[in-house]
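The following note sets out numbered remarks for a colleague reviewing the model shown below. Each point takes up one topic and may be checked against the coordinates.

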Amino acid sequence: MRARLSGGHFRMINEKLYTCTGKEALDYFQEDPSLFDMYHAGYKTQMSTWPEKPVNVIIKWLKKQSPSMVVADFGCGDALIAKSVTNKVFSLDLVSNDPKVIACDMSNAPIVSSSVDVAVFCLSLMGTNYQSYIEEANRVLKPGGWLLIAEVKSRFDPTNGGADPEKFSRAISDLGFNSVKQDFSNKMFILFYFTKKDNKRKSKGKETEWPMLKPCLYKRR
Ligand SMILES: C[S@@+](CC[C@H](N)C(=O)[O-])C[C@H]1O[C@@H](n2cnc3c(N)ncnc32)[C@H](O)[C@@H]1O
């Protein structure tokens with residue numbers, strides 16, 4: 001009974017995070033931070049069924065890069081990246097239960113412009129204003145810096161209401177990134193790798209067309 005109740009709470013908070021802006025999500029958790037713990041308990045249960053977690057793929061990738069690279073982990077959850085690598089990592093999330101985590105809405109990160117080598121979004125493009133998170137990553141990234149985005153595969157399945165991954169990739173390229181790789185090999189998630197060209201937008205005056213990313217709603221088991 002308790003498990004069913006907490007599963008219901010998790011699904012409700014999860015749906016809220018996918019259907020509101022980052023600012024509304026920040027207010028929601030500031031009003032009751034215990035909802036954040038409830039969300040993360042449910043999220044852990046969901047992830048325990050995944051054969052491979054995207055955060056571990058990202059950690060493996062980071063370990064192959066220079067440890068001097070500065071990393072920003074946008075929507076870090078339990079800050080596993082910061083706990084697993086020797087790099088300097090800015091771990092950002094809506095609530096901080098750990099001294100390593102900076103509490104903020106990641107569309108407004110307390111990080112100096114052009115100071116970061118790798119920006120990571122691991123299953124964290126939840127808000128309806130997700131493009132403002134990517135724009136913020138663009139602001140803090142150095143030219144040549146990496147942008148890694150892992151997202152649930154169903155959000156990028158155009159045959160089932162999901163976004164076209166090419167359209168998503170094009171929007172990020174319009175911001176001034178090169179698309180280096182799209183890894184579709186995992187059953188549960190897609191991993192996009194981009195590098196930042198410079199501090200200017202590529203297509204001057206052209207409005208970036210961001211595809212809508214459908215919420216990732218979990219079914220009652
Ligand atoms: C699905 S969890 C993923 C956590 C972690 N990246 C991982 O892979 O295990 C998404 C996280 O993004 C955070 N998040 C969502 N919107 C955010 C925002 N606007 N600002 C900061 N964090 C946000 C949530 O609070 C949550 O901890």
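How many bridges join strand β1 to β2, and do these strands run parallel or antiparallel?

1. Pairing of β1 and β2. Strand β1, residues 71-74, is joined to β2 by 4 bridges, and the two strands run parallel. Within this pair, D73 stands opposite S91 of β2. It should be said at this stage that the model is a predicted one.

2. The other neighbour of β2. Strand β3, which covers residues 101-103, pairs with β2 through 3 bridges, again in the parallel sense. D93 has A103 of β3 as its bridge partner.

3. Burial of β2. Why may β2 be described as largely enclosed by the rest of the structure? Strand β2 spans residues 89-93, and 5 of its 5 residues are buried, so the strand is largely enclosed by the rest of the structure. Its side chains are divided between two directions: V89, S91 and D93 point one way, whereas F90 and L92 point the other way, and all are buried. The residues named above as bridge partners on β2 thus belong to one of these sets, since S91 and D93 point one way from the strand and both are buried, as 5 of the 5 residues of β2 are.

4. The sheet as a whole. The strands form an open sheet of 7 strands, in the order β3-β2-β1-β4-β5-β7-β6, and the pairing is mixed. Its edge strands are β3 and β6, each of which pairs on one side only. From one strand to the next, the twist averages 20°. As a general matter, the strands of a sheet pair through backbone hydrogen bonds, in either a parallel or an antiparallel manner.

5. An antiparallel pair. Strand β5, residues 141-152, pairs with β7 in the antiparallel sense, over 7 bridges. In this pair W146 stands opposite T195 of β7.

6. Helix α7 and its buried face. Which residues of α7 are buried? In this helix, residues 165-174, they are P165, F168 and I172. Viewed down the axis of α7, its buried residues fall within an arc of 65°, so they line one face of the helix. An α-helix has 3.6 residues a turn, so residues three or four places apart point the same way. The cover over the buried residues of α7 includes α6 (130-140), β6 (177-183) and β7 (189-196). With respect to the sheet, α7 lies across β6 and β7, and runs at about 150° to β6. Just after the helix, G176 adopts a positive phi of about 120°.

7. Positive phi outside glycine. Two residues deserve inspection on this count. A79 has a phi near 60°, a positive value in a residue other than glycine; A79 is placed in the loop between β1 and α5 (80-84). A79 is buried, because 20 other C-beta atoms lie within 10 Å. S114 also has a positive phi in a residue other than glycine, near 50°, and S114 is placed in the loop between β3 and β4 (116-122). S114 counts as partly exposed, because 14 C-beta neighbours lie inside 10 Å.

8. Domains and their contact. The domain assignment gives domain 1 as 2-47 and domain 2 as 54-196. Taken over C-alpha atoms, the centres of domain 1 and domain 2 are separated by 21 Å. Contact between them involves 13 residues of domain 1 and 12 residues of domain 2. On the side of domain 1 that touches domain 2, α1 (2-19), α2 (22-31) and α3 (34-47) each supply at least two residues. The largest share of that side, 5 residues, comes from α2.

9. Overall composition and dimensions. The protein has 7 helices and 7 strands, and along the sequence these follow the pattern α-α-α-α-β-α-β-β-β-α-β-α-β-β. The radius of gyration is 17 Å, close to the 17 Å that the globule rule gives for 221 residues, so the protein is as compact as a globular protein of that length. Along the principal axes, the C-alpha atoms fill a box of roughly 55 × 40 × 35 Å. Of the 221 residues, 35% are buried. Among contacts between residues at least 6 apart in sequence, 65% join residues at least 24 apart.

Technical notes:
Residues numbered from 1 in each chain as written. Predicted model: local features only at pLDDT ≥ 70, side-chain atom pairs only at ≥ 80, totals over all residues. Buried ≥ 20, exposed ≤ 12 C-beta atoms within 10 Å, placed from the backbone. Pairing = 2+ DSSP bridges. Arc of directions from axis to C-beta. Contact = placed C-beta atoms within 7 Å. Rg over C-alpha atoms; globule rule 2.2 N^0.38 Å. Axes fitted to C-alpha atoms, helices over the stretch in contact; angles between N-to-C directions. Domains from an automatic or database assignment.
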